[in-house]
Amino acid sequence: VTDQSGYRVIGYMNQSVTQGEMKPFHREMPAGLKEFTYDLYWQDTNASLKLTLFAPDGKMGPYYDESDGRKNGRIYLLISRPEGIAPGNWYAVVEGVSVSGTQQFMLLTV
């Protein structure tokens with residue numbers, strides 16, 4: 001599957017989360033990959049979600065909506081290494097930090 005810009009979608013998760021709930025997401029990343037993105041977004045910008053990444057070579061995050069300086073219901077991360085990213089099992093955990101009721105979200109890995 002490719003997105004509008006022609007990038008290959010590696011995986012996606014369309015789910016919901018409640019206050020304090022954690023949803024894991026797993027992807028097997030191939031060797032030789034130099035970069036990819038995690039793009040987490042949700043509609044209610046008053047809700048707060050957290051994204052933490054676990055790579056074969058370490059943990060990244062946690063990241064919040066404001067991590068990029070803008071509160072817009074989105075956490076966009078470009079994971080890039082000139083020598084290539086660590087191949088193997090990558091896990092992302094989405095957590096509801098401040099959620100009223102249930103918050104729908106989409107997590108894309110491209």
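## Aromatic pairs

In this predicted model, the number of aromatic pairs comes to 2. The rings of F36 and Y38 have their centres 5.4 Å apart, and because their planes stand at 75 degrees, the pair is classed as edge-to-face. F36 also forms an aromatic pair with W90, likewise described as edge-to-face, with 5.1 Å from centre to centre and 90 degrees between the planes. Since F36 belongs to strand β3 and W90 to strand β7, this second pair ties together parts of the chain that are 54 residues apart in sequence.

Through these ring pairs, F36, Y38 and W90 are linked into a cluster. Each member of the cluster is buried: F36 has a relative accessible area of 2%, Y38 has a value of 0%, and W90 is likewise at 0% relative accessibility.

## The open sheet

Strand β7, which carries W90, is also part of an open sheet of 4 strands, arranged in the order β2-β7-β4-β5 with antiparallel pairing. The edges of this sheet are formed by β2 (22–29) and β5 (58–64), each of which pairs on one side only. On average, and with direction ignored, neighbouring strands of the sheet are turned by 15 degrees against each other.

Within the sheet, strand β4 (residues 48–55) and strand β7 (residues 88–98) run antiparallel and are joined by 7 bridges. At one position of this pairing, S48 stands opposite S98 in β7.

## Residues of strand β4

S48, which is found in strand β4, is buried, with a relative accessible area of 17%; the cut-off for this class is under 20%. Leaving aside neighbours within four places in sequence, S48 is in contact with E95, G96, V97, S98 and V99, and S98 is the residue that it faces in β7.

K50 lies in strand β4 as well, and with a relative accessible area of 18% K50 is counted as buried, because that value falls under 20%. With neighbours within four places in sequence again set aside, the contacts of K50 comprise P62, Y63, Y64, V93, V94, E95 and V97.

## The loop before β4

A47 is located in the loop between β3 (35–41) and β4, and at 3% relative accessibility this loop residue counts as buried. Apart from neighbours within four places in sequence, A47 is in contact with W42, K71, S98 and Q103. The contact with Q103 spans 56 residues along the chain, and the C-alpha atoms of A47 and Q103 are separated by 7.5 Å.

Key
Residues are numbered from 1 along each chain as its sequence is written. This is a predicted model: local features need pLDDT of at least 70, side-chain atom pairs count only at pLDDT 80 or more; totals for chains, interfaces and linings use all residues. Side-chain values use heavy atoms; hydrogens and water are left out. Two strands pair if DSSP finds at least two bridges between them. Helices (H or I, at least four residues) and strands (E, at least two) are DSSP runs, numbered from the N terminus. Axes are lines fitted to C-alpha atoms, for helices over the stretch in contact, and angles run from 0 to 180 degrees between N-to-C directions. Buried means under 20% relative accessible area, exposed over 50%, partly exposed in between (1.4 Å probe, protein chains only). Contact means heavy atoms within 4.5 Å. Rings of Phe, Tyr and Trp (its six-membered ring) pair if their centres lie within 6.5 Å; planes under 30 degrees apart count as stacked, over 60 as edge-to-face and the rest as tilted.
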